[in-house]
Amino acid sequence: MQVTIKIARYTLLDLLYNRVTIFYTFFLLGVSLVIFNLDDNVSKGILSLVNIILLIVPLVSIVFATIHMYNSSEFIELLLARPIQRTRILVGHFAGIATALSTAFLVGIGLPVMLYAASATGITLIAAGWLLTLCFVSIAMLAAVTTRDKARGIGIAILLWFLFTMIYDGFVLWVLFAFNDYPLERPVLVLTALNPIDLARIVLLLKIDISAFMGYTGALYKDYFGTAKGMIITTSVLLCWIIIPMYLAVRKFKRRDI
Amino acid sequence: MISIRNLQKSFGKLRVLHGISLEMHPGQVVALIGPNASGKTTLLKCILGMVVPDSGLIEFDGKAVNQEVSYRKYIGYMPQIGRYPENMRVRQVMKMMIDLYPDGAVIDNELANAFSLHSMDQKFMRTLSGGSRQKVSAVLAFLFDVPVLILDEPTAGLDPISAEILRQKILHEREKGKLIIISSHVLSELEGIATDILYVADGKVKTYQPITELLEETGTSHTREAILEIMNRHAGNN
């Protein structure tokens, strides 16, 4: 455990040194301050932030984490000849990167939201964005151990981001069209719940209370995700998206030759 | 101390290690030689757990190395090509390696002083020349007073004076009764250091015997000539 924390600390120091995290923090901070100051209506501001959280936060998290893993290949190589378990090396890196990006997110988005819109909605927004950050760092770890080639690894990371933000939605739409003679509410509910970004989107839209615009499905979502049980399920699915990719990454990494 | 049984490793279709079995004991200085791409580095990396073998068993002090990693704290390793975090200073890398070593590290600064490494303490790793990097690698390998040393082409890229310093250090460690494994192509540098010759080719152990025996067998008086004799013998067989 101690070694894991040490590795996380070295990773974090290295990240602070290269300034990208600081730039990311100020970018998020600037955007949220501008959004909240442009309009007096706080709900509108939250709605604009939702889009940032659903698109930019996952993209930055996955690409940045993947690039960092390739950049620290030397550090990892150095550790591998030492008496340190491979699991600890990878978990330490995950913890370091996740801490850096989480701090950036919590300062950049969390702080303004708490200042301008400290409500249940605001807190849900922060929680969802933070969990998404962790999910995509975890997915990035898997992308980074899949291939040795840096360009290919970053390509895989961007492709995965595309998959979760766009391609998956297209697939769900296709299912809706192809099987529109059948009652699809429940299967679609399950399908959307499998995508972390979609899941976060639904939960946030429900909180903002514009689900009325989403028709019958919206009502069903409200029935389902609006409840305490729905919240627990949402959180567990997002936690699975953090744990499972990381678990697979560790398994792959253990069999890797250096 | 190190015992290897029927070690097999392929990278894709390429078979690198083809059933290697051997034993190594404290006090031995094993010269690992063989043609390029004969599997020397792979064998060393298998011992260090950096390469995961397909089958076979490696034991360190009677314990299988794939079970747990703590045995590695008894090994000092100098890689053929040392890769280090480019944004760190030499001093930071040293401090980090000491920090990451498990409890009770006995630091040996002899080589660092002999190389006067402190003169480049504040340099970033990315600015170091190939030779300076080798020096850092060597210092890291000897940094802890450990019973086993694995040196992969230790003097490649070092200037003659530094190579001699390193040679003296290896001799000094040999006197302490450590197990030292040196992979090298420079036969003359093994002269007077190695106690055993391990000749690997095509992923198999071709010859593994004490130098004294080998000198007698080949009727030569120098390690260098004996090694050449063996290499020629095996080349003739192919």
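## Helix α2 against helix α5

In chain A, α2(A) passes α5(A) in a right-handed crossing, meaning that the near helix is turned clockwise from the far one by less than a right angle, an anticlockwise turn being left-handed. The model is predicted: local features require pLDDT of at least 70 and side-chain atom pairs pLDDT 80 or more, whereas totals for chains, interfaces and linings use all residues. Residues are numbered from 1 along each chain as its sequence is written, with chains lettered from A and ligands numbered from 1 in the order in which they are written.

Helix α2 of chain A covers residues 20–38, and its axis lies 8 Å from that of α5(A) at an angle of about 15° (axes are lines fitted to C-alpha atoms, over the stretch in contact for helices, with angles from 0 to 180 degrees between N-to-C directions). The two helices α2(A) and α5(A) are therefore roughly parallel (under 35 degrees; over 145 is roughly antiparallel, 65 to 115 roughly perpendicular, and the rest oblique). On the α2(A) side, the contacting residues are Thr21(A), Tyr24(A), Thr25(A), Leu28(A), Leu29(A), Ser32(A), Leu33(A) and Phe36(A). Their partners in α5(A) include Ala100(A), Leu101(A), Ala104(A), Phe105(A), Pro112(A) and Tyr116(A) (contact means C-beta atoms, placed from the backbone, within 7 Å).

## Helices α1 and α4 against helix α5

Helix α1 of chain A, residues 2–17, also packs on α5(A), with an axis separation of 7 Å and an angle of about 45°. The helices α1(A) and α5(A) are therefore oblique to each other, and α1(A) passes α5(A) in a right-handed crossing. Val3(A), Thr4(A), Ile7(A), Ala8(A), Thr11(A), Leu12(A) and Leu15(A) form the α1(A) side of this packing. The residues that they meet in α5(A) include Arg88(A), Ile89(A), His93(A), Ile97(A) and Ala100(A). Ala100(A) is thus among the residues of α5(A) that meet α1(A) and among those that meet α2(A).

Helix α4 of chain A spans residues 73–80, of which Phe75(A), Ile76(A), Leu78(A), Leu79(A) and Leu80(A) are buried (20 or more other C-beta atoms, placed from the backbone, within 10 Å; 12 or fewer is exposed, in between partly exposed). These buried residues of α4(A) pack against α5(A), which covers residues 86–116.

## Two buried residues of helix α3

Ile53(A) belongs to helix α3 of chain A, residues 42–71. It counts as buried because 25 C-beta neighbours lie inside 10 Å. Beyond its neighbours within four places in sequence, Ile53(A) is in contact with Ile109(A), Leu125(A), Ala128(A), Gly129(A) and Leu132(A). Its C-alpha atom is 9.1 Å from that of Trp130(A), although 77 residues separate the two along the chain.

Met69(A) is likewise placed in α3(A), and it is buried, with 25 other C-beta atoms within 10 Å. Residues up to four places away in sequence aside, Met69(A) touches His93(A), Ala140(A), Met141(A) and Ala144(A). Of these, His93(A) is also one of the α5(A) residues that meet α1(A). Between the C-alpha atoms of Met69(A) and Gly153(A), 84 residues apart along the chain, the separation is 9.8 Å.

## Chain A as a whole

Chain A has 11 helices and zero strands (DSSP runs numbered from the N terminus: H or I of at least four residues for helices, E of at least two for strands). Its radius of gyration is 19 Å, close to the 18 Å that the globule rule gives for 258 residues, so chain A is as compact as a globular protein of that length (over C-alpha atoms; the rule is 2.2 Å times the number of residues to the power 0.38). The C-alpha trace of chain A spans about 60 × 45 × 30 Å along its principal axes.

Of the 258 residues in chain A, 40% are buried. Among the contacts in chain A with a separation of 6 or more, 78% join residues 24 or more positions apart.

## Chain B

Chain B contains eight helices and 10 strands. Its radius of gyration of 18 Å agrees with the value near 18 Å for a compact globule of 238 residues, and its C-alpha atoms fill a box of roughly 55 × 40 × 35 Å along the principal axes. Buried residues amount to 40% of the 238 in chain B. Residues 24 or more positions apart supply 69% of the chain B contacts with a separation of 6 or more.

## Confidence

The predictor assigns the complex an ipTM of 0.85 and a pTM of 0.89. Chain A has a mean pLDDT of 88, with 94% of its residues at 70 or more (pLDDT is the predictor's confidence in each residue, from 0 to 100). Chain B averages 89, and 99% of its residues score at least 70.

Among the elements of chain A, α5(A) has the highest mean pLDDT, 95, and helix α10 (residues 215–225) the lowest, 66. Where pLDDT is low, the predicted coordinates should not be read in detail.

Note on methods:
Contact = placed C-beta atoms within 7 Å.
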